[in-house]
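Work through these exercises with the model open. Try each task before reading its solution.

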Amino acid sequence: MSKYLKVAIYLSLLVLLAPRAVLAQATASGTVLGTVSDPSQAVVNGAHVTITSVATGTARTTITNAEGSYRFDLLPAGTYKLTIEGSGFSTVIQTLQLLVGQTATANVTLKPGAATQTVEVEAVNPIVDVMKTSVSTEITPTEVQDLPMVGQDVANLAYLAPGVKQTDSYDPTKNRYAILSVNGDGGRNVNVTVNGVDNKDNTVGGPVMQLPLEAVEEYHISTQRFSAENGRSEGAAINIITKRGTNQYHGSAIGLFRDTSLNTDQKNPDGTGGTTNSHPDYTRQQFGGSIGGPIKKDKVFLFFAINREREHQSLQEDTHAYTQLVAAQPFFGDLCKPAATIPRPFYETRYNGRADWIFNSKESAYLSYSSQANNSDNDQSDGTGDLNNGNFTVNHLQIANLTVNSVLNDTTVNVATFGFQYWNNLIASKISSPLVTFNALAESFGTNTNVPQQSYQRKWQFKDDFSKVVGKHTFKGGFDYIWNPVEGGFFEFSSTLEIDYASDPTDIIAAHPADTFSHPGIVSGMTIANGDPTFIVATKQLGLYFQDDWKTTRRLTLSLGLRWDKDFNMIGGSKIKDSRTYLDLKTVNSPITDPYVSSIAHDDNLDFSPRVGFSYDLSGHGNHVLRGGYGMYYGNVFQNIPLFMEQMSNATVFQTVLSLSSPSDPVPGTGKTLGQWQYGIDPMPTIPPPATELANRSVGRLMDPHYRNPVTQEFNVGYTWALNQNTAFETEYTHVLGVHGNKTINVDQKIPMNGACCTRPFDAPYAASSIPERVPASVRVDSAIGREHYDGINFSFRERMAARFQFQANYTLAWANGYGSGGGSFRNYPKLSTAPFASWEWGPSPNDERSHITVASVVDLPKGFEIAPILQYGSPRPYDLTNSANTLNTGGGTAIGVVVPKSDPKNYFAYAGNETEAQNCFYGLGEPASCTIVPYDPKRGDPFFQLDTRLAKSFKFGERANLQIIAEAFNLTNRANYGNNFGHSIGSSTTFGHPVGFISPSSTIIPRSTWGELGFRFNF
């Protein structure tokens, strides 16, 4: 057993053997503190302070210390009554609202009088959290209920946080949910917890579970510099809290309805600077509700929420592709089913149930369970295939927690949480038939090349958080252990025989009217893959932390923390020695291959991350606060990084086993060559059996022996000014340096040799080895060498609900740059693997926006009307340039660069269509090396602007019941947001520099025209 694991176990046992007690998770709770003084501002020592939950009646009591201070940690978010009693003073009762992640300060002045004399204070929560050192935003219950959300997904409101913006979906399972770019990143490195339980997708990153909106109590997002209690993310930390039952029965019913008739035409770019209008068919119905209340007053409470969604939409088929498939259909019969539109129905059910028990004033517990199940069709279709070219997708997701609650004494609280998470995603097809393509994939029919595939994970979690107040110190410590007994799935490509025709169907019919698609010589290729496609591992994660919130003076608070995270088998270390690429390189045993197999990559042992923050109350009255800090944050290695390497460790290797592209290639089992073979007349080829070794010219996959978890160093400094009790202005500077990001390096990239372009360096040592028949096409090594940084200045203005008006506005001035970062957490390829840090690799992130503005408001109008708009603006985002051919003949496994003369670096078309001359000029073959590569992301697209508005009319029934009639409009100005989705290939001069699609093309929740929605919400 390693010394690091021993240390971890010993520390864990120390925490486990500590007295058990809990009131809430450290990542899912808040703190109330303050100072009690008399009218002369002298502190009152020994005053009794009791905090009572209005919802459940749960109470905790403490006594002020010599500084007159009191503190309650790990309180569930909600409304509380604070009762302060002191000898010789009147009793004071104050009501306050506590948000998740918030430290609410309630300073109280006691007046002389009898203890039986009670003074109720009409207090307002301080708008400034004087203890906060992180960069974070709380989304309140009012905002969750009243602001417009296109997908009824609470993550849409995260755009209200400075430094957060929408970005494209990176996985088909997440197309209908908000994907958040935080500090310029691509959305994968966001760690989400539900009631403190891990909700991360270990395969591709980002969140897994989406809750019914009626179940969400609060939503807290820390975009930077969060405390040691949170870990496993070098991006952002999001904590979601579910609703609970109370002593009063309450509930809701909601229905929201969208229809094509409520939408305007969308302006589709034609790629040449013009647009064409379309009006896609679309309907969606969302309905659900909630109910909660006491089973036994002050003791047992239940809550349940459900949401059901039915959506019908379609994908408009490319006009050219549809015309060609209609022409082909008579010959191929039912194998080809062209359609002008591809249906994309989607059905989903989400529900959440929660039970709370209060055993006594010190002991309580709650159990929460959430489920999400959905199924959809054709989310893999791209508009160039037929109905058989689609797929079906089935998702089932679960998350649950059991939290046992106790309070040891008035200064000591402990938290224990048992969690479970499950996710199973299957993408498959109902048919299995050859995939037939035409004209370089311009159109196709048959089984989709991307199916079948499956991902699943099952997590068991146990975490504990301990809090102890000692004088001016609040010590917190704990551990978080996650066991994934099953994590992985399978991934296949070309699972059925692919048959490629070189020309379009109409051209084939015109050229060969007699035998059309059976004519010899018109099939240009055949491909199929087989083998064991699974990638299944068992992983574990352990995190330990210690935190000291030290109130050194009444004005200055220091937050000092240290966290240690340890992953087990997250980079697939147990599979590397069986991976065929590793074994082949060991067999080759060459000085140029040995560095990649000199040792086995292993999970980090020294991921210690210090967190230091300060908050200083400049005036002593909480209206001028200076804050800042520094911290290190380690992220996860997602399963998709070692996926292909792990597949290559199976008994049979999943790979292409048949690849014919030359007319002289023999078609197995037919006695004919590819140039002689006739579709429908000759038998289909005999498919080779799965292989136990890599085929010749396969793509090798390996993990760098020195692989590391990604890590960021983060710094912030900010100032908050409370203009009055309801209004605050805040400015903040943030800096993030990201290192050890994933970069995929083709270590066998073709390079110039002997004055000619280009040769793979591994060809010679393979030829001289005992396996000359297994020469790779490329060897792609996942390395942890990515670097990026972000600098941002945030300006925020908040007006809390007062005089029927709530308002907030954020402006962010930011710079997000990196070495060919691609905006993602993996599969980032340099343009030359031999020069991953060349000057041309440095440039802005695809999500970089120099300026970003969000404005949101809720306005209560007369006669029960309410209007709530959200406005978003982003300056143009950048895009990279590429070519239709591999400009520098690297042999694949690299990004494609655009070569330009050093003397004319913006002459992007200098070598368009002339790759040979580009290579000669860049490599210096037969002429001076007078060319360079265009820098990363050199051009920018269009600005982004979106205005969403919610208008509601309330009808009250008695004191508690209310019915709202709702009308919502998304993208009210009908703006066509193309963003940075521009033609960027010098191989197509007609589309270059023109919009070719909408921003975030995979997302279905970013409006492409004005979308209307009608609905209602009834609550009591």
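**Exercise 1. Helix α6**

Find the elements against which the buried residues of α6 pack.

*Solution.* The model is a predicted one. Begin with the helix itself, residues 580–588. Its buried residues are Arg 580, Thr 581, Tyr 582, Asp 584, Leu 585 and Val 588. Now look for their partners. These residues pack against two helices, α5 (573–576) and α8 (763–767), and two strands, β40 (699–703) and β45 (778–802). Finish at the end of the helix. Asn 589 follows α6, and its phi is positive, near 50°.

**Exercise 2. Helix α9**

Decide whether α9 is mostly covered or mostly open, and identify its packing partners.

*Solution.* α9 runs over residues 915–923. Of its 9 residues, 7 are buried, and the helix is mostly covered. The buried set is Glu 915, Ala 918, Gln 919, Asn 920, Cys 921, Phe 922 and Tyr 923. Next, the partners. The buried residues pack against the strands β43 (751–753), β44 (756–759), β51 (899–901) and β52 (931–933). Gly 924 comes after the helix, with a positive phi near 75°.

**Exercise 3. Pro 901**

Place Pro 901 in its strand, classify its burial and list its contacts.

*Solution.* Pro 901 belongs to strand β51. That strand is one of those packed against by the buried residues of α9. The relative accessibility of Pro 901 is 15%, so this residue counts as buried, the cut-off being under 20%. Beyond four places in sequence, Pro 901 touches Asn 907, Ala 910, Tyr 911, Ser 930 and Cys 931. Then check a C-alpha separation. Pro 901 and Val 934 are 33 residues apart along the chain, and their C-alpha atoms are separated by 9.5 Å.

**Exercise 4. Backbone exceptions**

Which peptide bonds are cis at Pro 452 and Cys 758, and where do these residues lie?

*Solution.* Take Pro 452 to begin. The bond from Val 451 to Pro 452 is cis, with omega near 0°. Pro 452 sits in the loop between β28 (443–445) and β29 (453–470). Now Cys 758. A cis bond joins Cys 757 to Cys 758, with omega about 0°. Cys 758 is in strand β44, to which the buried residues of α9 also pack.

Next, are Asn 378 and Asp 937 buried or exposed?

*Solution.* Asn 378 is not a glycine, yet its phi is positive, about 65°. Its loop lies between β24 (363–377) and β25. With a relative accessibility of 8%, Asn 378 counts as buried. Asp 937 also has a positive phi, near 50°. This residue is in the loop between β52 and β53 (939–940). Its relative accessible area is 5%, so Asp 937 is buried.

**Exercise 5. Ser 1009**

Locate Ser 1009 and account for its surroundings.

*Solution.* The loop between β55 (961–970) and β56 (1011–1019) holds Ser 1009. A relative accessible area of 2% makes this residue buried. Set aside neighbours within four places in sequence. The contacts are then Thr 264, Asp 265, Gln 266, Phe 970, Asn 971 and Asn 974.

**Exercise 6. The nonpolar cores**

Which residues of the largest nonpolar core touch the most other members, and which strands supply it?

*Solution.* The core has 40 residues. Leu 147, Leu 157, Val 164, Leu 180, Tyr 219, Ile 221 and Ile 238 touch the most other members. Strands that each supply at least two residues include β12 (180–182), β15 (216–224), β25 (392–409) and β49 (865–874). Another core, of 24 residues, lies apart from this one; among its members are Val 637, Met 703, Tyr 766 and Val 775. Return to Leu 157. Not counting residues up to four places away in sequence, Leu 157 touches Ile 139, Glu 143, Val 144, Leu 147, Met 149 and Ile 870.

**Exercise 7. The whole chain**

Judge the compactness of the protein from its radius of gyration.

*Solution.* Count the elements: 9 helices and 56 strands. The radius of gyration is 31 Å, close to the 31 Å from the globule rule for 1020 residues, so the protein is as compact as a globular protein of that length. The C-alpha trace spans about 105 × 65 × 55 Å along its principal axes. Burial takes in 59% of the 1020 residues. Finally, consider contacts between residues at least 6 apart in sequence: 74% join residues at least 24 apart.

Notes. Residues numbered from 1 in each chain as written. Predicted model: local features only at pLDDT ≥ 70, side-chain atom pairs only at ≥ 80, totals over all residues. Heavy atoms only, no water. Core = buried A, V, L, I, M, F, W, Y, C linked by side-chain atoms within 4.5 Å. Buried < 20%, exposed > 50% of the residue type's maximum accessible area, 1.4 Å probe, protein only. Helix = DSSP H or I, 4+ residues; strand = E, 2+ residues; numbered from the N terminus. Contact = heavy atoms within 4.5 Å. Rg over C-alpha atoms; globule rule 2.2 N^0.38 Å.
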